[in-house]
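Trainee: I'd like to learn how to read a structure like this one. Can we go through it feature by feature?

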Number of protein chains: 2
Amino acid sequence: MSITFSLDKSTRTLLYQQLAEQIKGAIVRGELTEGMQLPPVRRLAADLGVSTTTVAQAYDLLASEGVIGGHVGRGTYILSSPLTALARARAPFGGDPHAQGGSVAGAFQRQRQDWAASWLGGLALQTSRAGQLQWLTQRALERWGDPATMINLSSGYPDVSLFPIERWERSMARAGQLLAEEVRRASGLQVLQYGSTLGDEALRSYLCQYFTRFGFHPEPQEILLTSGNQQGLDLVARVLLTPGESVFIEEPAYLAALDIFEQQRIACQPIPIDEEGLRLDLLEQALEAPAVRPRLLCVVPTAHSPTGVTLSRERRQRLVELASRYNLLIVEDDYCSELFYSEAGCEPPPALRSFDREGRVIYLKSFNKLIFPTLRFGCIVAAPPILARLVEGQQAFARGASLPLARALLEHLSDSAFEEELCCCRQEYRRRRDVLLNLLEEELAGLDCRWTIPTAGFNLLLWLPPHLQEYEVIEKAADRGLLLAPGQLFRAESSQQQCPSVRLTFADKSPEQLREGIKRLSSTLRALLYGSNAGQSQASPDLFTAV
Amino acid sequence: MSITFSLDKSTRTLLYQQLAEQIKGAIVRGELTEGMQLPPVRRLAADLGVSTTTVAQAYDLLASEGVIGGHVGRGTYILSSPLTALARARAPFGGDPHAQGGSVAGAFQRQRQDWAASWLGGLALQTSRAGQLQWLTQRALERWGDPATMINLSSGYPDVSLFPIERWERSMARAGQLLAEEVRRASGLQVLQYGSTLGDEALRSYLCQYFTRFGFHPEPQEILLTSGNQQGLDLVARVLLTPGESVFIEEPAYLAALDIFEQQRIACQPIPIDEEGLRLDLLEQALEAPAVRPRLLCVVPTAHSPTGVTLSRERRQRLVELASRYNLLIVEDDYCSELFYSEAGCEPPPALRSFDREGRVIYLKSFNKLIFPTLRFGCIVAAPPILARLVEGQQAFARGASLPLARALLEHLSDSAFEEELCCCRQEYRRRRDVLLNLLEEELAGLDCRWTIPTAGFNLLLWLPPHLQEYEVIEKAADRGLLLAPGQLFRAESSQQQCPSVRLTFADKSPEQLREGIKRLSSTLRALLYGSNAGQSQASPDLFTAV
């Protein structure tokens, strides 16, 4: 088998872009596999009869997309990416693309003896949904060419420009100062040493007080510090679940939760949500089913991801009752309850955990979207018998959370300015949500779209006209400089949901950006529905749907 | 079946201690199981005819040992602990202690309907070795009664009193200040946002330069930031290995590595070490064996844990050659290479990774023992194809490492004072090691003991007289106020090694403490060897050996 490249100097597409695209094609077809070494720039340039600059630019482009990696003197390799995942998914069951045989020719040597390829070829880890989204974003930015004019509504991010960095600076300095004072007292030295896996007691004690705002009152020994809800959920899944079993999850669901369960081969049984959150009638039906059914439900009751809806107070009460009746454990994922918009006549409901009298609710709290994403801090609140098991896992897998980081967070949260800052964020995010909702009303009128009305958080979910293809909308929008997060990333593998959708993030966008973005969305949809510019996309549908 | 307690007022042992011990006995026998609720203090006191203070003190004691947990108003539960693990291990295969039937009587109600017990009963997670050591320590301290006079040679800890906390205070303040300056520049804002899973680029760039001291020169994109080598190794095991396969590991081995592999059902095939580190002749024999053999070796080449020996330069070279010949991946765990003692004629050998031309060595670096244990920071250096897979795992399981923590570490490491501080630590640890070695020569002469000569790190391994029982030495030493870490914690489950041993930590002890500790050890051994006080131990040997 030979890999041939046909570079066409007569087209508008630059040679290095053609080469990069063709290398990607060879990866998707399984002709180039993960861990294989690419030929040196000079050699490939000579083989193809192009300049070394062309090959070097192609390699740079592929490296910027995370498709290849390596550096001078040690070779360049095909990395694991959505492309290699796609190639694995396309291989026949149990199949090995290496096993096809055939002679090796062309510019690339198939290095069967290459240790990394043989070592990694058998591994089953999938590219995560988070990784796919990142990669789609990178690819679209690359194709659009100008990050400044791209409108990215796919991020799911808070707006870090609202974060009071000056106060964080003081929080770090003050935390360091207090820590040093404590350590200088002989009795305080032990805080630096290995100690309780639960993590810093000063922060845990403060959090007990902090959580009263959500209607529950844990003790410090019921709290385990983590790096966030992703780590928290991963720990829960590793310690309390077994590969092969299944869990109940919302439909649509938090992308990272799907990632965690799928990587651990835990099946997700989706339960649809409506404007009041999880459909308890459907949950109860599933619980009554005679078949083996999940023992655990994972739910994001406030600011549900990706829709932004909030589980009503009545449903919270009833969900906890159902858990008790059916011996269900509940994981409550709270990443931004503080950002409930609190409009007139609409108060934030208490945490699910506040209704729980039996210790069935495992409450996961993350501060990463509330403070800033690269903080990496959160905690788990759980009843003693459950927490003891999670602590055993934490002790074996990663030990406790960082002390200096815990102290900086403690300083930051306990300052009186924190509440005012939250208030500003709430107002700003609500304002942006309103702008987006108005734009959707104006621009998408008559296009057979529906969307959720977020009561908290950063995003909403938009259902597209039912007969459109999700990937096609995403690709055509990208061609117009608009990035959307495909609804498919938020659906479990077993989902029966057919209606195409996209997640729209408003939190990190100005009103002007939102306006421009929705205009581009509207024109994309109109083009697809009414036919103008229909054939414009250059993307391969396969590439997207099979990943 | 009834649980009866016989509290004897005529003995010297206080009533509450008797009650606590008997509750523990009932847990080990499987009569009280994890998640079961204990009766309220008042009721049990009435049933037993003792004061509420007695029951409350017993509960407090058990809670302090982590055996029970809970708090006022919500009941007290049996927690997962080495005791419940022991009960699980003792249950017949597939057996459920609940299934024995029989009438429920006595002070405790067996609550079969208790949800936590039914939920947790089927889970297989073992108590970690780290957890066992912590628990043994806590129990011995409890029995000895006076922490101030206990000599704890079991910790494995660095001496945090040597840490320059004032400089750390400045590092945190300076890191906060520089971060705020960066964020105030519009282009710097993105460091707060979700970004590369590799972690902060500023620290990764600095580490490239830092690692030249160990003879290798990575690029920033070959580094993934972690919370330490435990998390790093866990990630490697989850992403590159599959439950059911096996790895080569040193004998004896790093306790946390054994924990990680065992929790993931990865079998450990031990390769003995000698004074120059891993026995490559035995490794090669194992590699030549026709049977299915491990594809990965995990090694601590400098300051091997628990012996303190260092793999010689010649063996490092040859080990990398063997890896290439037999297609083996190597995990190099470096937690304190900087603390190699560098005596006359004895220079620190370069990192294993520095001999590696094929990218077969995955280098794990932890800063937690070098800075302080509750820091929680480290990194993985690996070749691009391997690192890409690890990044996928990190992205799905926990996202990246903390930015503010990365920046504080960067400030701390890059200050010129850091090298002087390392130098002081090296000298101090070497001095303590010398004190310990001299004491062993003096005090254990003629007792048929052997020990390793550490060239780096915090510990040595002492082999006890071959016909003594390890648990007996540990228990008798604890009765004399001396805490030792059982060698068994550092042996893989499949180990054939018979000779009893203990790990002795010298790094966090003063010469006076070392002197007193070794005197107690000597008298313990002499009593066991020559018969005085032979029957003194009150511990159940079962309790220790079966955990």
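Trainee: Is His217(B) buried, exposed or partly exposed?

Mentor: Look at relative accessible area: under 20% is buried, over 50% exposed, and in between is partly exposed, with a 1.4 Å probe and protein chains only. His217(B) has 48% relative accessibility, so it counts as partly exposed. One caution: this is a predicted model, where local features need pLDDT of at least 70, side-chain atom pairs count only at pLDDT 80 or more, and totals for chains, interfaces and linings use all residues. Residues are numbered from 1 along each chain as its sequence is written, chains are lettered from A and ligands numbered from 1 in the order in which they are written, and side-chain values use heavy atoms, leaving out hydrogens and water.

Trainee: Where is His217(B), and which residues is it in contact with?

Mentor: Helices (H or I, at least four residues) and strands (E, at least two) are DSSP runs, numbered from the N terminus. His217(B) sits in the loop between helix H8 (201–210) and strand E7 (223–226) of chain B. Contact means heavy atoms within 4.5 Å. Setting aside neighbours within four places in sequence, His217(B) touches Arg74(A) and Thr212(B).

Trainee: Which residues is Ser171(A) in contact with?

Mentor: Ser171(A) belongs to helix H7 of chain A, and at 4% relative accessibility it counts as buried. Beyond its neighbours within four places in sequence, Ser171(A) is in contact with Ala408(A), Glu411(A) and His412(A).

Trainee: How do H7(A) and H7(B) pack?

Mentor: For helices, axes are lines fitted to C-alpha atoms over the stretch in contact, and angles run from 0 to 180 degrees between N-to-C directions. Under 35 degrees counts as roughly parallel, over 145 as roughly antiparallel, 65 to 115 as roughly perpendicular, and the rest as oblique. Helix H7 (residues 165–184) of chain A and its namesake H7 (residues 165–184) of chain B pack at about 175°, axes 8 Å apart. H7(A) and H7(B) are therefore roughly antiparallel.

Trainee: What relates chain B to chain A?

Mentor: Superpose the copies by least squares on the C-alpha atoms of residues with pLDDT of at least 70 in both. A turn of 180° and a shift of 0.0 Å along the axis lay chain B on chain A with an RMSD of 0.1 Å. That's the relation of a two-fold axis. In chain B, the C-alpha nearest the axis belongs to Ala173(B), 2.0 Å from it. Also, 100% of the interface residues of chain B are interface residues in chain A too, so the copies meet through the same surface.

Trainee: And sheets? Which strand does E7(A) join?

Mentor: Two strands pair if DSSP finds at least two bridges between them. E7(A) is joined by four bridges to strand E14 (residues 378–381) of chain A, and the two run antiparallel. Opposite Leu224(A) stands Ile380(A) in E14(A). From E7(A), Ile223(A) and Leu225(A) point one way and Leu224(A) and Thr226(A) the other, and all are buried.

Trainee: Which strands stand at the edges of the four-stranded sheet?

Mentor: That open sheet of chain A has the order E15-E16-E19-E18, paired antiparallel. Strand E15 (450–451) and strand E18 (485–486) of chain A are at the edges with a single partner strand each, so one side of each lacks a neighbour in the sheet. E18(A) pairs with strand E19 (residues 501–505) of chain A over two bridges, in the antiparallel sense. Ala485(A) has Arg503(A) in E19(A) as its bridge partner.
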